[in-house]
Amino acid sequence: MVKQPVSVNGVVRWKDVGLADQAKSEQKERKMVVLRHEIGDVLRDVRQRQGRTLREVSHSARVSLGYLSEVERGQKEASSELLSSICSALDVPLSSMLREVSDRVAVAEGVAVPDTVPQEFSQRYGRDLDREINNELSTGLLSGAR
């Protein structure tokens with residue numbers, strides 16, 4: 001770290017310059033995550049992957065076309081009821097949509113998101129999640145094969 005003179009309103013002061021200033025400036029440069037933008041992006045991505053128009057989804061969700069457009073562009077904060085209605089119209093669980101939003105926010109914040117259930121979590125709640133998942137998969141596969 002180095003001290004350098006800085007003149008403020010004709011008064012000279014000594015300011016620390018070095019790695020600490022670089023870290024502070026990097027933190028300030030991080031773009032603020034706006035949740036409504038992320039929600040809108042996810043909803044638009046889902047709709048476009050399905051090849052559906054705003055008009056189709058707005059009709060199914062019973063939401064005005066203009067309002068749905070504003071939600072997708074991140075200009076309006078959608079209520080939980082509205083998000084539920086839109087997700088139902090898209091035939092996507094609300095939890096899945098919110099999970100995708102959460103993952104995008106975590107990436108923007110630079111947070112690592114584990115893609116598996118931590119061992120401590122399954123131990124804490126007294127269940128063997130791997131066994132339960134395998135049982136569900138095997139029964140689901142067997143019933144689907146009939």
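These exercises work through a predicted model, one local feature at a time.

**Exercise 1. Two helices in contact**

Task: Find how helix H3 and helix H4 cross, and which residues make the contact.

Solution:
- Step 1. Start with the general idea. Two packed helices are described by the angle between their axes and the distance between the axes.
- Step 2. Locate the helices. H3 covers residues 54-61 and H4 covers residues 65-72.
- Step 3. Read off the geometry. Their axes come within 9 Å and cross at roughly 110°.
- Step 4. Classify the angle. Angles of 65 to 115 degrees count as roughly perpendicular, so H3 is roughly perpendicular to H4.
- Step 5. List the residues. H3 contributes Leu54, Arg55, Val57 and Ser58, while H4 contributes Leu65, Leu68, Ser69 and Glu72.
- Step 6. Sort by class. The contact of H3 with H4 has 4 nonpolar, 2 polar and 2 charged residues.

**Exercise 2. The setting of Ser58**

Task: Decide whether Ser58 is buried or exposed, and find what its side chain reaches.

Solution:
- Step 1. Place the residue. Ser58 sits in helix H3.
- Step 2. Check accessibility. Buried means under 20% relative accessible area. Ser58 has 6% relative accessibility, so Ser58 counts as buried.
- Step 3. Follow the side chain. The side chain of Ser58 reaches the backbone oxygen of Arg55 at 3.0 Å.
- Step 4. Look further along the chain. Leaving aside neighbours within four places in sequence, Ser58 is in contact with Val63, Ser64, Leu65 and Leu68.

**Exercise 3. Salt bridges around Glu72**

Task: Which arginines pair with Glu72, and which parts do these pairs tie together?

Solution:
- Step 1. Recall the principle. Side chains of opposite charge can pair when their charged atoms come close.
- Step 2. Count. The whole structure holds 8 salt bridges.
- Step 3. Take one pair. Arg44 and Glu72 meet in a salt bridge, N to O at 3.9 Å. Arg44 lies in helix H2 (residues 35-49) and Glu72 in helix H4, so this pair ties together parts that are 28 residues apart in sequence.
- Step 4. Take another pair. Arg47 and Glu72 also form a salt bridge, at 2.7 Å from N to O. Arg47 lies in H2 and Glu72 in H4, so the parts tied together are 25 residues apart in sequence.
- Step 5. Check burial. Both Arg47 and Glu72 are buried. The relative accessible area of Glu72 is 4%.
- Step 6. Join the pairs. Salt bridges that share partners link Asp41, Arg44, Arg47 and Glu72 into one network.

**Exercise 4. A buried glycine**

Task: Locate Gly74 and name the residues that Gly74 touches.

Solution:
- Step 1. Place Gly74. It is in the loop between H4 and helix H5 (80-89).
- Step 2. Check accessibility. Gly74 has 2% relative accessibility and counts as buried.
- Step 3. Find its contacts. Not counting residues up to four places away in sequence, Gly74 touches Arg36 and His37.
- Step 4. Compare chain and space. Gly74 and Val34 are 40 residues apart along the chain, and their C-alpha atoms are separated by 8.4 Å.

**Exercise 5. Positive phi in loops**

Task: Where do Arg62 and Asp91 lie, and what is the phi of each?

Solution:
- Step 1. Note the background. Most residues other than glycine have a negative phi.
- Step 2. Examine Arg62. Its phi is positive, about 60°, although Arg62 is not a glycine. Arg62 lies in the loop between H3 and H4. Its relative accessible area is 78%, so Arg62 is exposed.
- Step 3. Examine Asp91. Its phi is positive, about 55°, and Asp91 is not a glycine. Asp91 lies in the loop between H5 and helix H6 (94-109). At 70% relative accessibility, Asp91 counts as exposed.

Key:
Residues numbered from 1 in each chain as written. Predicted model: local features only at pLDDT ≥ 70, side-chain atom pairs only at ≥ 80, totals over all residues. Heavy atoms only, no water. Axes fitted to C-alpha atoms, helices over the stretch in contact; angles between N-to-C directions. Helix = DSSP H or I, 4+ residues; strand = E, 2+ residues; numbered from the N terminus. Parallel < 35°, antiparallel > 145°, perpendicular 65-115°, else oblique. Contact = heavy atoms within 4.5 Å. Nonpolar A, V, L, I, M, F, W, Y, C, P; charged D, E, K, R; others polar. Buried < 20%, exposed > 50% of the residue type's maximum accessible area, 1.4 Å probe, protein only. Polar contact = N/O pair within 3.5 Å; in protein donor to acceptor, adjacent residues only side chain to side chain. Salt bridge = Lys/Arg side-chain N within 4 Å of Asp/Glu carboxyl O.
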